[in-house]
Amino acid sequence: MIQPEWIWGLAGGGLIGLAAAMFLLVQGRVMGISGILGGLVDGSGHRRLGENLAFVGGLVGGPALYVWWHPGFATQISSELWVLLAGGFLVGLGTRLANGCTSGHGVCGISRLSRRGIGASAVYVGVGMLSISVLRHVWGIV
Amino acid sequence: MLRLFFAALSGGIFGIGLLLSGMTDTLRVQGFLDVWGAWDPTLAFVLGGAILPMALAWRVAASRETSVLGTPMPHPGQGPLDARLVVGSILFGAGWAIAGLCPGPALASLSFGGSEGIIFLFAMVPGMVTAAGLARPKDGDTAWTSAR
């Protein structure tokens, strides 16, 4: 049975791929969010400061405009402080150590059959599945 | 000016893609990782839908020396699967599972994610700074763009 969420996933994924394709062909850059954000945070991306800020502005502003036009979206994120702090810290540390996240390694890496992209994606998806198994089904805390 | 415009446009399309695909919904992301529960395959469709146009873009990029705006076209090669990549991805996978957010959706949901989303984003900062302190990358971009 095909679910409507899958179609939305495919269509939204197409937009994500279109954005990444545009960033590569027009801008000449690989669209990696942890790299762009990390470059703003630690100053390593200072040569592309304006461009990085414009990209992040679009990334925050685009959905803001859409939600203003069509309300009803929610992140449904946990309000437990340890989840937000530990999750955020690990995501920040891990993506910068690995030099990429789901956009850089996932979308941009897998699509060119990069060994690092495929390897990183296999590891974070595998560890994510293992973590949820323990956190949700063994400890029952997530 | 054109560079800023197209960078913002890419960011906007990317963010709306994340929103429409359901990837700003942390329960949907955790539902994909939860293979023992009511498994939600949506994330696989999102990744598939994104990889197809991007694979085409890499093909086009392969034969070009410069981008539309005249900057050098990246032609990344194959880098090594080193310890940093593996350890980093392990830590990222754990954090991703705990909160259900990765950097893209964390930014895309900033306008409607409430104080929780803001706390998550701020918690990423010390993590990123710690990683930079452990070994500073050459540029703000991912390693395989510099590993020609």
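Me: Helix axes are lines fitted to C-alpha atoms over the stretch in contact, and angles run from 0 to 180 degrees between N-to-C directions. In this predicted model, why are α5(A) and α6(A) called oblique to each other?

Reply: Helix α5 (residues 102-110) of chain A crosses helix α6 (residues 115-138) of chain A at roughly 130°, and the axes come within 8 Å. Roughly parallel needs an angle under 35 degrees, roughly antiparallel one over 145, and roughly perpendicular one from 65 to 115; the rest is oblique. The value fits none of the three named ranges, and therefore α5(A) and α6(A) are oblique. Their crossing is left-handed.

Me: Which residues make the contact of α5(A) with α6(A), and how do they divide by class?

Reply: From α5(A) come His105(A), Gly106(A), Cys108(A), Gly109(A) and Ile110(A), which meet Arg116(A), Gly117(A), Ile118(A), Ala120(A) and Ser121(A) of α6(A). By class, there are 4 nonpolar, 5 polar and 1 charged.

Me: What makes Leu113(A), in the loop between α5 and α6 of chain A, stand out in its phi?

Reply: Phi of Leu113(A) is near 55°, which is positive, and the residue is not a glycine. Most residues other than glycine have a negative phi. Gln76(A) is another non-glycine residue with a positive phi, about 55°. Gln76(A) sits in the loop between α3 (49-69) and α4 (81-97) of chain A.

Me: How do you know whether Leu113(A) is buried or exposed, and what is the status of Gln76(A)?

Reply: Leu113(A) has 11 C-beta neighbours inside 10 Å. An exposed residue has 12 or fewer, so Leu113(A) counts as exposed. Gln76(A) has 15 such neighbours. That is over the limit for exposed but under the 20 needed for buried, so Gln76(A) is partly exposed.

Me: Why does Ile36(A) count as buried?

Reply: Ile36(A) has 31 C-beta neighbours inside 10 Å, and buried requires 20 or more, so the residue meets the criterion. Ile36(A) lies in helix α2 (residues 33-42) of chain A. Its C-alpha is 9.0 Å from that of Arg48(A), 12 residues apart in sequence.

Me: How many helices and strands are there in chain A and in chain B?

Reply: Chain A comes to 6 helices and 0 strands, while chain B has 7 helices and 0 strands. Buried residues make up 59% of the 142 residues in chain A and 58% of the 148 residues in chain B. The C-alpha trace of chain A spans about 45 × 35 × 30 Å along its principal axes, and chain B fills a box of roughly 45 × 35 × 30 Å. For contacts between residues at least 6 apart in sequence, the share joining residues at least 24 apart is 39% in chain A and 49% in chain B.

Me: What makes α1(A) roughly antiparallel to α1(B)?

Reply: Helix α1 (residues 4-25) of chain A packs against α1(B) at about 165°, with the axes 7 Å apart. Angles over 145 degrees count as roughly antiparallel, so the pair earns that description. The crossing of α1(A) and α1(B) is left-handed. Among the residues in contact are Trp8(A), Leu15(A) and Phe23(A) of α1(A), and Phe6(B), Phe14(B) and Leu20(B) of α1(B). The contact residues divide into 14 nonpolar, 6 polar and no charged.

Me: How many residues does each chain bring to the contact between the chains, and which element supplies the largest share of the side of chain B?

Reply: Chain B brings 112 residues and chain A brings 108 residues. The largest share of the side of chain B that touches chain A comes from α1(B), with 18 residues. That side has 70 nonpolar, 34 polar and 8 charged residues.

Me: How confident is the predictor in the complex, and where in chain B does pLDDT stay under 50?

Reply: The complex is given an ipTM of 0.96 and a pTM of 0.93. The mean pLDDT of chain B is 92, and 91% of its residues reach 70 or more. Over residues 143-148 of chain B pLDDT stays under 50, and the model has 20 contacts beyond four places in sequence for them.

Key:
Residues are numbered from 1 along each chain as its sequence is written. Chains are lettered from A and ligands numbered from 1 in the order in which they are written. This is a predicted model: local features need pLDDT of at least 70, side-chain atom pairs count only at pLDDT 80 or more; totals for chains, interfaces and linings use all residues. Two residues are in contact if their C-beta atoms, placed from the backbone, lie within 7 Å. Helices (H or I, at least four residues) and strands (E, at least two) are DSSP runs, numbered from the N terminus. Ala, Val, Leu, Ile, Met, Phe, Trp, Tyr, Cys and Pro count as nonpolar, Asp, Glu, Lys and Arg as charged, and the others, Gly among them, as polar. A crossing is left-handed if the near helix is turned anticlockwise from the far one by less than a right angle, and right-handed if clockwise. pLDDT is the predictor's confidence in each residue, from 0 to 100.
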